[in-house]
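Here is a short briefing to read alongside the sequence and the 3D view. Please keep both open and follow along topic by topic.

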Amino acid sequence: MSDKPRVFVTRTIPKAGLDRLREVCEVEVWPKPKPPRRDTLLDKARGCAGLVTMLSDKVDETVLTAAGDDLKVVANYAVGYNNIDVAACREHGVAVGNTPDVLTDATADVAVLLMLAAARSFTPAAASVRDGGWKTWAPMDHLGMELAGKTVGVIGLGRIGRAFADRCHGGWGMKVLYTANSPKPDADRDLGAKHVELPELLANSDFISLHCPLTEATAGLIDANALHQMKTTAVLVNTARGEVIDQDALHTALSGGKIFAAGLDVTTPEPLPTDSPLLELPNCVVLPHIGSATVHARSGMALMAADNVLAGLRGDPLPHGV
Ligand SMILES: NC(=O)c1ccc[n+]([C@@H]2O[C@H](COP(=O)([O-])OP(=O)(O)OC[C@H]3O[C@@H](n4cnc5c(N)ncnc54)[C@H](O)[C@@H]3O)[C@@H](O)[C@H]2O)c1
Ligand SMILES: O=C(O)[C@H](O)CO
């Protein structure tokens, strides 16, 4: 048996990251398209020095206990780390890493994609071409919302929120309102952005995009009350985490015309069941969590996760630690 440290990677990730790990570690990669089941994860974690986990893997006290004392580092293959009990990791002396920055542009692009798709009724319009619903150029069909000069509200003006705001301001001259844990003077200076309280953002934004992490404070942040405060012409975009929105309340708002449309890259659960009532709505665009799904971003994430593991095994501070 090899005396190299063992690392379990819970899905196939780009080769560059795996190659980097294999120089130093004995690496086992879960080969299937679906995540390992919970009992499999517990089994595979046993005796590992490092884990590379996905957002679909819950890393908690049970996993840490199953892994045992050899475990030094958990490298999440994502920037969001709400799937990891960081406090429990700290108690076990396990370092936690994530993959910031490299996926910022890719994810901000998907937020723009969803904003446009939802605003311009992309889903029913494109479907009508395929299903024969398109009979002639129609003066009153598929009327949407324009972006130029409108107000966009960014909930969570961090790395991705800022990149999204840059696109909105630079591309369409949109006015930017935002909420964040603290004001961002550079955004105020460069974009004329305004730090506001949530009710002001909800009431005054034509487009609202979610870029906050999933935490106790943000779970269910966009509930019936928040949706009620939005303009009836508002377009809501979520590339953060599904749990930030109360999906039943969103369905009620979309089907009752309380807001104009929504574009979701993230849902609860994932995958969204194909019989979800949200998928019956013409004014709801849903993507399968593809924010970071570019070759560049995913390769960079793989290298960052590998670097996090290798640093953790050496006992060094992680280059991308949380
Ligand atoms: N759809 C995807 O594929 C995809 C890809 C990458 C990231 N994400 C999600 O996007 C999130 C943001 O990523 P990031 O790199 O920009 O993170 P970040 O830490 O740079 O930014 C998050 C921002 O949210 C703010 N925030 C925290 N709590 C808040 C609250 N209660 N109200 C308002 N703002 C709050 C923080 O102050 C921070 O500015 C991740 O946590 C992840 O969940 C999704
Ligand atoms: O948090 C993240 O990084 C995304 O959800 C997946 O890339």
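What follows is a tour of the domains, the core, the ligand surroundings and a few backbone details.

Please bear in mind throughout that this is a predicted model. The domain assignment splits the chain into domain 1 (6-100 + 295-314) and domain 2 (104-286). Both domains give residues to the largest nonpolar core, and both also give residues to the shell around ligand 1.

**Domains and annotation**

- The centres of domain 1 and domain 2, taken over C-alpha atoms, are 32 Å apart.
- The contact between the two takes 4 residues from domain 1 and 5 residues from domain 2.
- On the domain 1 side of that contact there are 2 nonpolar and 2 polar residues, with no charged residues.
- UniProt, in an unreviewed entry, lists "domain: D-isomer specific 2-hydroxyacid dehydrogenase catalytic" at residues 7-320. Over residues 7-320 the chain is 38% helix and 14% strand, and the C-alpha atoms at the ends lie 18 Å apart.
- UniProt also places "domain: D-isomer specific 2-hydroxyacid dehydrogenase NAD-binding" (unreviewed entry) at residues 113-291. Helix makes up 34% of residues 113-291 and strand 15%, with 10 Å between the end C-alpha atoms.

**The nonpolar core**

- The largest nonpolar core holds 101 residues, and those with the most contacts inside it are Val7, Ala118, Ala165, Val176, Val235 and Val237.
- Helix α5 (residues 104-119) supplies the largest share of this core, 10 residues.
- Why does this core lie between the two domains? Domain 1 (6-100 + 295-314) and domain 2 (104-286) both give residues to the core, so it lies between them.
- Val176 is a good place to zoom in: leaving out residues up to four places away in sequence, Val176 touches Val152, Val154, Ala165, Cys168, His169, Leu191 and Ala193. One of these partners, Ala165, is also listed among the core residues with the most contacts.

**Around the ligands**

- Ligand 1 has 30 residues around it, of which Gly80, Gly156, Gly158, Ile160 and Gly291 come nearest.
- Which helix gives the most to the shell around ligand 1? Helix α7 (residues 159-172) does, with 3 residues.
- The shell around ligand 1 divides by class into 13 nonpolar, 14 polar and 3 charged residues.
- Ligand 1's shell draws residues from both domain 1 (6-100 + 295-314) and domain 2 (104-286), so it lies between them.
- Ligand 2 is surrounded by Leu55, Ala78, Val79, Gly80, Leu103, Gly291 and Ser292. By class, this shell has 4 nonpolar and 3 polar residues, and no charged residues.
- Gly80 and Gly291 are among the residues nearest to ligand 1, and Gly80 and Gly291 also belong to the surroundings of ligand 2.

**A buried asparagine**

- Asn308 is part of helix α12 (residues 295-314).
- Is Asn308 buried or exposed? Asn308 counts as buried because it has 27 C-beta neighbours inside 10 Å, where the cut-off for a buried residue is 20 or more.
- Apart from neighbours within four places in sequence, Asn308 is in contact with Val73, Ala75, Gly97, Leu318, Pro319 and His320.
- Asn308 and Thr99 are 209 residues apart in sequence, while their C-alpha atoms are 9.1 Å apart in space.

**Backbone details**

- Most residues other than glycine have a negative phi, and most peptide bonds are trans. The sites below are worth a look with that in mind.
- The peptide bond joining Thr268 and Pro269 is cis, with omega about -5°. Pro269 sits in the loop between β11 (261-264) and β12 (284-286).
- Glu270 and Pro271 are also joined by a cis peptide bond, with omega near -5°. Pro271 lies in the loop between β11 and β12 as well.
- Asp101 has a positive phi, near 70°, although it is not a glycine. Asp101 is found in the loop between β5 (95-97) and α5, and with 14 other C-beta atoms within 10 Å it is partly exposed.
- Ser121, another residue other than glycine, has a positive phi near 50°. Ser121 is in the loop between α5 and α6 (122-131), and its 21 C-beta neighbours inside 10 Å make it count as buried.

Note on methods:
Residues are numbered from 1 along each chain as its sequence is written. Chains are lettered from A and ligands numbered from 1 in the order in which they are written. This is a predicted model: local features need pLDDT of at least 70, side-chain atom pairs count only at pLDDT 80 or more; totals for chains, interfaces and linings use all residues. UniProt positions are given in the numbering used here, feature names are shortened, and annotations may be inferred rather than shown by experiment. Helices (H or I, at least four residues) and strands (E, at least two) are DSSP runs, numbered from the N terminus. A nonpolar core is a set of buried Ala, Val, Leu, Ile, Met, Phe, Trp, Tyr and Cys residues joined through C-beta atoms within 7 Å. A residue is buried if 20 or more other C-beta atoms lie within 10 Å of its own, exposed if 12 or fewer, and partly exposed in between; C-beta atoms are placed from the backbone. Domain bounds come from an automatic or database domain assignment. Two residues are in contact if their C-beta atoms, placed from the backbone, lie within 7 Å. Ala, Val, Leu, Ile, Met, Phe, Trp, Tyr, Cys and Pro count as nonpolar, Asp, Glu, Lys and Arg as charged, and the others, Gly among them, as polar. A residue is near a molecule or strand if its C-beta atom, placed from the backbone, lies within 6 Å of it.
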